[in-house]
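Hi,

Here is the structure I promised to send over. Have a look at it first, and then read on for what turned up.

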Amino acid sequence: MSGKIKKSSENLSFSLSRWFRKMSTAPTTAIITVVGISYAIFLFGGGLYTLINQPIPSYYNENTQQFYFLYPDVSEQFGADTIISVALYALGFIGLLTIYQSTKSANKPRQAYMLLITGVTFLLLAYIFLESVMTIKGA
């Protein structure tokens, strides 16, 4: 009787490992990763605050005849604040992915160098613009 149980448990572990190997190589892993990263960028950008508080998209001051897309204080935000910050975080993440891809093409130095320069440029642009947005909001 114990031989039957041992044999069925061995088959079970083999079938589980085969299922896990199939799931880890399937395109669903890439989809889950993209969805998870998109969700994290959405949260970092203030998307949850926007969904809960439903702020106005932007503000038009009739006295100065200007549109305000960034709320001038750090404690509040417009809907455009979320869009701007999510776009900048996504740009920074794309820069990091490009830098990572440049390490994969070590046998093609020109392509690796171009990918590295592009990734660093995206990352620096995202950082500079995010810092300038925070400076505008803090002033």
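Let me start with α5, which has 30 residues and runs 43 Å from its first C-alpha to its last, close to the 44 Å expected at 1.5 Å a residue. Before you go further, please bear in mind that this is a predicted model. The buried residues of α5 are Ala112, Gly119, Ala126, Leu130, Val133 and Lys137. If you want to see what lies over them, α4 is part of the cover. As a reminder, an α-helix has 3.6 residues a turn, so residues three or four places apart point the same way. You can try that on Ala126, Leu130, Val133 and Lys137, which are among the buried residues of α5.

For the overall layout, the chain has five helices and two strands. In sequence order they give the pattern α-α-α-β-β-α-α. Of the 139 residues in the chain, 19% are buried. Among contacts with a separation of 6 or more, 53% are between residues 24 or more positions apart.

Now the pockets. The largest pocket has a volume of about 280 Å³. It is lined by 18 residues, and the ones closest to its centre are Gly45, Gln77, Ser85, Met134 and Lys137. Two elements give two or more residues to this lining, namely α4 (79-104) and α5 (109-138). The largest share of the lining, five residues, is from α4. By type, the lining of the largest pocket splits into nine nonpolar, six polar and three charged residues. Lys137 comes up twice here: it is one of the buried residues of α5, and it is also among the residues closest to the centre of the largest pocket.

The second largest pocket holds about 180 Å³ of space. Its lining has 13 residues, with Leu88, Tyr89, Gly92, Phe93 and Leu96 closest to the centre. At least two lining residues come from each of α2 (27-44), α4 and α5. Here too α4 gives the largest share, five residues. What is the make-up of the lining of the second largest pocket in nonpolar, polar and charged residues? It has 12 nonpolar residues, one polar and no charged.

Next, have a look at Gly47, which sits in helix α3 (residues 47-53). Gly47 has a relative accessible area of 1%, so it counts as buried. Which residues does Gly47 touch, apart from its neighbours within four places in sequence? The answer is Phe42 and Thr82. Gly47 is also 9.5 Å from Asp81, C-alpha to C-alpha, with their positions 34 residues apart in sequence.

On to the aromatics. Searching the whole structure gives five aromatic pairs. In one of them, Tyr60 and Phe67, the ring centres are 5.0 Å apart and the planes are at 50°, so this pair is tilted. Tyr60 is partly exposed at 38% relative accessible area, whereas Phe67 is exposed at 55%. Ring pairs also bring in Phe69, giving a cluster of Tyr60, Phe67 and Phe69.

Why does the pair of Tyr71 and Phe78 count as edge-to-face? Because the planes of the two rings are at 75°, with the centres 5.2 Å apart, and planes over 60 degrees apart are put in that class. Tyr71 is partly exposed, with 27% relative accessibility. Phe78, on the other hand, is buried at 5%.

Last, a couple of backbone spots to check by eye. Gln54 is not a glycine, yet its phi is positive, about 45°. You will find Gln54 in the loop between α3 and β1 (59-61), and at 63% relative accessibility it is exposed. Gln65 is another residue other than glycine with a positive phi, near 55°. Gln65 is in the loop between β1 and β2 (66-68). With 60% relative accessibility, Gln65 also counts as exposed.

That is what I have for now. Over to you!

Cheers

Note on methods: Residues are numbered from 1 along each chain as its sequence is written. This is a predicted model: local features need pLDDT of at least 70, side-chain atom pairs count only at pLDDT 80 or more; totals for chains, interfaces and linings use all residues. Side-chain values use heavy atoms; hydrogens and water are left out. On a 1 Å grid over the protein atoms alone, a cavity is a set of points where a 1.4 Å probe fits but cannot get out, and a pocket is an open set with protein on both sides within 12 Å along at least five of seven lines; lining residues have an atom within 4 Å of a point. Grid points are joined across faces, edges and corners, and a volume is the space filled by probe spheres set on the points. Helices (H or I, at least four residues) and strands (E, at least two) are DSSP runs, numbered from the N terminus. Ala, Val, Leu, Ile, Met, Phe, Trp, Tyr, Cys and Pro count as nonpolar, Asp, Glu, Lys and Arg as charged, and the others, Gly among them, as polar. Buried means under 20% relative accessible area, exposed over 50%, partly exposed in between (1.4 Å probe, protein chains only). Contact means heavy atoms within 4.5 Å. The expected span of a helix is 1.5 Å times one less than its number of residues. Rings of Phe, Tyr and Trp (its six-membered ring) pair if their centres lie within 6.5 Å; planes under 30 degrees apart count as stacked, over 60 as edge-to-face and the rest as tilted.
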